[in-house]
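Here is my note on the structure you asked me to look over. The points are numbered so that they can be taken up one at a time.

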Amino acid sequence: MTSLWHYAFVQQAVLAGVITAILAGCVGLIVTARNMSFAVHGMAEVGFTGATGAVAIGLPPAVGLLAATFAAALAIGGLGVRLRERDVAIGSVLAFGLGLGILFLTLSPRYATEAYSILFGSILAVSRQDVIRSAVTGVVALLALAAIYRPLRFASVDPDVAEARGVPIKLLSAVFLLILALAVTEAVQVVGVLLVLTLLIVPAGAAQRLTAHPGRALAYSVLIALASTLGGLVCAIYTSWPVSFFVSGFSFAAYLLARLCGPALMRGSAPSGTNSQTAL
Amino acid sequence: MTPDSPAIRLDHASLSLGGRILWDDVSFGVPRGEFVAVLGPNGSGKTSLLRVLLGLQAVSRGDVRVRGRAPRRGNPAIGYVPQQRAFDPDLSVRARDLVTFGLDGHRWGFSLSTRETRRRVSEMLVRVGAERFAESPIGRLSGGEQQRVRIAQSLVGDPEILLCDEPLLSLDLNSQQAIVELIADWSRDRGATVMFVTHDINPLLGAVDRVLLLAGGRWAVGKADQVLTAETLSHLYGSPVDVLRVHGRVVVLGAEFCGHEPVHAHQLARPVTRR
């Protein structure tokens, strides 16, 4: 790793990966608490449409990606407020978005390479400019998330009481969708459209299995996302296999381990007779 | 709030939702410290009444006052126990965290809770008998345990008014009694006003001061003995209703009163649906 560090492309990839992993680890816990896996997937695929659209008209794919995930966030927020509505709304938006994406792809002069990097990530090809953009996006998203974190968790976990306590539920949903759009854009750069869930859901899912403590869950989620990303980068550089494969492999391994070890760790905190008649 | 204004006051208040009148021209006041049960069939506007008091729903006509003022969202003088909902067992939220939300969940930012907040939360968990499972994930607690945590969450801010929406639903009889006692004790100790929505009055008979009946757009309010009579209920439901008293429990015959739960022999103590 020390010798690799001398290469600019490695430095840039590591920086972009670290920023992405921290953001994804934090956002992921809210995504799982709000049951928004499908929204994340939908946003990423609409992001694909935006990226291919941008390429077709000669703009950088990152611009189209960000514009499309924002548009998807607004569409999802506007079309469906309730959970069941939301699923159908996301399905509808994403199906049409992908159709457009395929059209843009065939119109694009640089068909194959661009499509490949959007679909599966291009972290080892990021430029210095990409890293700066990624850092700004990441910091903005993290600051916004920090500002709304407590009421957002309240609203996600316990919406009825949160609403009664005066928490602005709809505003928080909208702001979170925009933060999520930024996180998806970052994650697409590392693992690609098809694998965003590997950073935005899996580390949080693993962390939840390890602890019920909210602060620790956040720390574990970020650590697992970081370890998967950096581990994936190093392995990919040495083997020349795809980064996305290793990142998804490491995060999945963490998830499996958490599922195996989680029950033993959680038992310490569970009441002795949760399901017994004497429970209350 | 003026010293003598009632905790809750409805003045010719009506509520229509989706073109349907839920209740019409309701006028009554709840003095401070009173324990009122709100009783009625499904869809009679019991939950909507709580939403009105919480400032989440406006009345169609008339006036509503909470501590002498118009209802407003996020009123810290109100504690709220919502209808039960299932929590994901994997959610990283402990019983303690849910109670903490009741104190500081609405505040912006992400900082850790203050020492004072943690102390009050711990005290409240002990008070409701939830300290044994305080560190457990909320989604892995039994219904009765979750309701204890809910009660702690609603009381931790020391509210003057407590609004409970069917907190006894799907609890066994012992748990029902425990929850009612917790709330009644609190109401007595702190002089807190309670509005308790239920479709079964029996677990509450020892605790309630008055009963508000909502049915088919009509309403009645009074002592349980006065309101739960064949005469009042027949009038409210617009069809003949009989009320029996068996071992201090009330059995209502003839009205669609109990709602959704099938009636078993051992549940005869509940208001029973008979056609």
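1. What span should the 26 residues of helix H1 (residues 8-33) of chain A have at 1.5 Å a residue, and how far apart are its end C-alpha atoms? In this predicted model, the expected span is 38 Å and the end C-alpha atoms lie 38 Å apart, so expectation and model agree.

2. That agreement should be read alongside the local geometry, since H1(A) carries a kink of about 25° centred on A:Val27. Beyond the helix comes A:Asn35, which has a positive phi, near 55°. As to its surroundings, H1(A) is largely enclosed by the rest of the structure, because 19 of its 26 residues are buried.

3. On confidence, chain A has an average pLDDT of 87, and 91% of its residues score at least 70. Within chain A, helix H10 (residues 202-210) has the highest confidence, at 96, whereas helix H5 (residues 111-120) of chain A has the lowest, at a mean of 78. A separate caution applies to residues 271-280 of chain A, where the pLDDT is below 50, although this stretch has 19 contacts in the model beyond near neighbours in sequence. Where pLDDT is low, the predicted coordinates should not be read in detail.

4. In chain B, strand S1 (residues 8-17) and strand S2 (residues 20-30) pair in the antiparallel sense over seven bridges. The two strands form a hairpin with two residues between them, and B:Gly18, in the turn, has a positive phi of about 55°. Across the pair, B:Leu15 stands opposite B:Trp23 of S2(B).

5. Is B:Ala13, in strand S1 of chain B, buried or exposed? B:Ala13 has 21 other C-beta atoms within 10 Å, and the cut-off for a buried residue is 20 or more, so B:Ala13 counts as buried. Leaving aside residues up to four places away in sequence, B:Ala13 touches B:Val26, B:Val59, B:Gly62, B:Asp63 and B:Val64. By contrast, B:Ala152 is 139 residues from B:Ala13 in sequence and 31 Å away in space, C-alpha to C-alpha.

6. Turning to the interface, 35 residues of chain B are in contact with 33 residues of chain A. On the side of chain B that touches chain A, the elements giving two or more residues are helix H2 (95-104), helix H4 (143-155) and helix H5 (173-190) of chain B. The residues on that side of chain B comprise 14 nonpolar, ten polar and eleven charged.

Methods
Residues numbered from 1 in each chain as written. Chains lettered and ligands numbered in written order. Predicted model: local features only at pLDDT ≥ 70, side-chain atom pairs only at ≥ 80, totals over all residues. pLDDT = per-residue confidence, 0-100. Helix = DSSP H or I, 4+ residues; strand = E, 2+ residues; numbered from the N terminus. Contact = placed C-beta atoms within 7 Å. Pairing = 2+ DSSP bridges. Expected span 1.5 Å × (residues − 1). Bend = angle between axes of the 7 residues up to and from the residue. Buried ≥ 20, exposed ≤ 12 C-beta atoms within 10 Å, placed from the backbone. Nonpolar A, V, L, I, M, F, W, Y, C, P; charged D, E, K, R; others polar.
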